[in-house]
Amino acid sequence: MTMHDYLLEGQGERAETGILLIHGLTGTPNEMRILARGLNSAGFTVYAVQLAGHCGTMDDLLDSTWQDWLVSVRAGADKLSQRVNKLIVGGLSMGAVLALALAEERPEQIAGVMALSTTFRHDGWSMPKYTRMAFILPFLRMLGIGRSRMFFEQPPYGIKDAALRKRIVSQMQAGDSVEAGLPGNPFWSVVEMQLLSSHVLKHLDRVRAPCLVLHASNDDIASVKNAMNIVRGVQHAPVQLVLLEDSYHMITIDRERRKVIDRCINFAIEISASDFKLSAHPEQGAIAHHESSGACL
C-alpha cells in the first residue's frame with residue numbers, strides 16, 4: 001500500500017466480495033471515502049488505491065504516464081484479490097476509465113464495473129472553450145511546449161452543493177493536494193488521459209463484466225456522451241445506466257451521494273450473489289498484449 005491508500009475490511013459473507021475504488025486525474029483516494037464507507041458498512045471489503053504521481057506536486061504527476069496509473073490499478077486489484085473471492089472495480093471520472101481498462105484486460109478477474117462520471121473527454125458545459133481543442137496538446141508536448149501549463153476548471157468545480165463546494169475549493173486553494181487534489185489539470189497529463197481514453201474506447205467490446213454507469217445529466221465536467229460511449233461500446237455484458245438530476249460531476253460527494261451509494265451497494269449485492277469465480281492467476285499473456293498495444297498509441 002502507498003501512503004494514502006486505505007483498506008476497509010468487510011464483515012460477514014459480503015466480505016468475500018472486494019471493491020477496488022479508483023480516484024480521478026489530479027484527485028486523491030479521499031474523494032472516494034464516502035462511497036468506500038457506505039459500501040463497507042454494507043459488509044464489503046473496500047480498497048481505495050492511490051494512482052502513481054498523485055497526492056504530491058505537479059512535477060510528480062507530470063513524471064507519471066497513463067501506463068503508470070494502470071500499473072497502480074493492477075497492483076491494487078492483485079492485493080485485494082488475495083483477500084476476496086470476487087472483485088468489483090469502480091472509479092470516478094478518469095478513475096472510471098481505468099476501471100474499464102482493467103476489466104478489458106482481466107475478464108477472468110473482474111466480476112463487475114462501477115463507472116461513475118466517466119470522463120473520456122473534458123466536454124462539460126463549464127469547461128474552458130480551449131479544452132475543446134485538446135487534440136492540439138499532443139503536438140505541443142512533442143515540441144516540448146507547455147510542461148508547466150495547466151487548465152483550471154471553472155465554477156461550480158463539479159459540485160452543485162454550494163456549502164460543500166466552498167469547503168473543497170478552500171482546500172484546493174490552500175494547496176492541500178492530499179485532501180482535495182491539485183487545483184488544475186496539467187496539459188501534459190491531459191495528453192496521457194487522452195491516450196488512456198483512446199486505448200479504452202478501442203477495446204470496450206472486450207469488457208465481459210456487468211457495468212453500472214452513474215452520470216449526472218447536467219455534468220459540468222464531462223457530458224453524458226461519455227456515459228453513452230460505454231452503453232454503446234460494451235456489447236458482451238449488461239450495462240445499467242443511471243442518470244442523476246441533482247448533482248454535477250463529483251457525484252460521490254454531491255447532493256445525491258446517498259443515491260449513488262445505494263445504487264452501488266445494490267449492484268455489489270447482485271454481483272456477490274452471481275456465479276462468477278475469481279481466477280487466482282490472471283492471464284499474464286492478455287495483460288502483456290494490452291501493454292504492447294497501448295505503447296503504440
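Across which strands does helix α4 lie, and at about what angle to β4 does it run? In this predicted model, helix α4, formed by residues 94–105, lies across β2, β4, β5 and β8 (211–216), and its direction is at about 150° to that of β4.

The strands just named belong to an open sheet of 7 strands, in which the order is β1-β3-β2-β4-β5-β8-β9 and the pairing is mixed. The edges are formed by β1 (6–8) and β9 (239–244), each of which pairs on one side only, and from one strand to the next the twist averages 15°. Within this sheet, β2 (residues 17–22) and β4 (residues 86–92) run parallel to each other and are joined over 6 bridges; I19, for instance, has I88 in β4 as its bridge partner.

A further helix, α1 (residues 33–41), lies across β1, β2, β3 (45–49) and β5 (112–116), and runs at about 25° to β1. Turning to side chains, R33 is placed over the face of Y6, at 4.0 Å from the ring centre.

The model also contains 1 aromatic pair. The ring centres of W125 and Y248 are 5.5 Å apart and their planes stand at 75°, so the pair is edge-to-face, the class for planes over 60 degrees apart. This pair links distant parts of the chain, since W125 is in the loop between β5 and α5 (137–142) whereas Y248 is in the loop between β9 and α10 (257–272), 123 residues apart. As for accessibility, W125 counts as partly exposed at 44% relative accessibility, while Y248, with a relative accessible area of 13%, is buried.

How values were computed
Residues are numbered from 1 along each chain as its sequence is written. This is a predicted model: local features need pLDDT of at least 70, side-chain atom pairs count only at pLDDT 80 or more; totals for chains, interfaces and linings use all residues. Side-chain values use heavy atoms; hydrogens and water are left out. Two strands pair if DSSP finds at least two bridges between them. Helices (H or I, at least four residues) and strands (E, at least two) are DSSP runs, numbered from the N terminus. Axes are lines fitted to C-alpha atoms, for helices over the stretch in contact, and angles run from 0 to 180 degrees between N-to-C directions. Contact means heavy atoms within 4.5 Å. Rings of Phe, Tyr and Trp (its six-membered ring) pair if their centres lie within 6.5 Å; planes under 30 degrees apart count as stacked, over 60 as edge-to-face and the rest as tilted. Buried means under 20% relative accessible area, exposed over 50%, partly exposed in between (1.4 Å probe, protein chains only). A charge sits over a ring if NZ of Lys or CZ of Arg is within 6 Å of the ring centre and within 35 degrees of the ring normal.
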